[in-house]
Amino acid sequence: MLDNLAVLSLLALAPLLTVGVLLVGFRWPAKYAMPVGYVIVVVIATFVWGMDLINVAAASVEGLIIALGLLYIVFGALLLLATLTESGAIQTIRSAFTDISPDRRIQAIIIGWLFGSFIEGASGFGTPAAVAAPLLLALGFPAMAAVMVGLIIQSTPVSFGAVGTPIIVGVSGGLTGVPAVEERVAALVLQL
């Protein structure tokens, strides 16, 4: 049964599907749905993939450290937004953007695309959605439109986010050190 690729694929998707069903279907809060997904990951990793508990614990600690790093970055972005709001700078920004163009489409492009791309390149990790969407909301955009513009701008500049971290990690460090991949590459080279 575990030799079947379809079964293994479904098992690999099970945590994501479970969290999706709990969040969207049952409308559970993330603080309850995510631990359920984590337990499913641990069970599948231990019993299906045969991971040792020490490796599961190490991967869990690594995940917590990565999450804390991301939260630190997003916290800085939210702190910046709160500072702009409390200091009254949002009102100045609103009047400046209204002076540039009263057309909301142009404002969305300037804030969402240009400013969002700049913030993505400078810090990455979802910061544009955390800054651009509330900024658009503060400028008077409807909530759904502000969120959609904030998320849409995430698509293009992501590969350049955090000063190129996705490219640096993914291209130069993504496949190195994996013996199976190195063996396959070596075999292909020898065949040529």
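**Figure 1. Surroundings of Gln107 in helix α5 of the predicted model.** Gln107 lies within α5, the helix that covers residues 104-122. Its relative accessibility is 6%, so Gln107 counts as buried, the cut-off being under 20%. Leaving out residues up to four places away in sequence, Gln107 touches Phe97, Thr98, Ser101, Pro102, Gly112, Leu136 and Phe141. Among these contacts, Phe97, Leu136 and Phe141 also belong to the largest nonpolar core, which is presented in Figure 2.

**Figure 2. The largest nonpolar core.** Twelve residues make up this core: Leu81, Ile90, Phe97, Ala108, Ile111, Ala132, Leu135, Leu136, Leu139, Phe141, Ala146 and Val149. Helices α4 (89-100), α5, α6 (127-138) and α7 (143-152) each supply at least two of the core residues. The largest share, three residues, comes from α6. In soluble globular proteins, nonpolar side chains tend to be buried together.

**Figure 3. Contacts of the core residue Ile90.** With neighbours within four places in sequence set aside, Ile90 is in contact with Leu81, Leu84, Thr85, Leu135 and Ala138. Of these partners, Leu81 and Leu135 are, like Ile90, members of the largest nonpolar core.

**Figure 4. Helix α6, its buried residues and the residue Gly140.** The twelve residues of α6 should span 16 Å at 1.5 Å a residue, and the end C-alpha atoms are 17 Å apart, which agrees. Buried positions in this helix are Thr127, Pro128, Ala130, Val131, Ala132, Ala133, Leu135 and Leu136. These buried residues pack against four helices, namely α3 (53-87), α4, α5 and α7. Just after α6, Gly140 adopts a positive phi of about 105°.

**Figure 5. The largest pocket and its lining.** Rolling a probe the size of a water molecule over the atoms shows where empty space is left. The largest pocket holds about 170 Å³ of space. Its lining consists of Pro15, Val19, Met34, Gly37, Tyr38 and Val41. Helices α1 (5-25) and α2 (30-47) each supply at least two of the lining residues, and the largest share, four residues, comes from α2. By class, five lining residues are nonpolar and one is polar, while no charged residue takes part.

Definitions and conventions: Residues are numbered from 1 along each chain as its sequence is written. This is a predicted model: local features need pLDDT of at least 70, side-chain atom pairs count only at pLDDT 80 or more; totals for chains, interfaces and linings use all residues. Side-chain values use heavy atoms; hydrogens and water are left out. Buried means under 20% relative accessible area, exposed over 50%, partly exposed in between (1.4 Å probe, protein chains only). Contact means heavy atoms within 4.5 Å. On a 1 Å grid over the protein atoms alone, a cavity is a set of points where a 1.4 Å probe fits but cannot get out, and a pocket is an open set with protein on both sides within 12 Å along at least five of seven lines; lining residues have an atom within 4 Å of a point. Grid points are joined across faces, edges and corners, and a volume is the space filled by probe spheres set on the points. Ala, Val, Leu, Ile, Met, Phe, Trp, Tyr, Cys and Pro count as nonpolar, Asp, Glu, Lys and Arg as charged, and the others, Gly among them, as polar. A nonpolar core is a set of buried Ala, Val, Leu, Ile, Met, Phe, Trp, Tyr and Cys residues joined through side-chain atoms within 4.5 Å. The expected span of a helix is 1.5 Å times one less than its number of residues.
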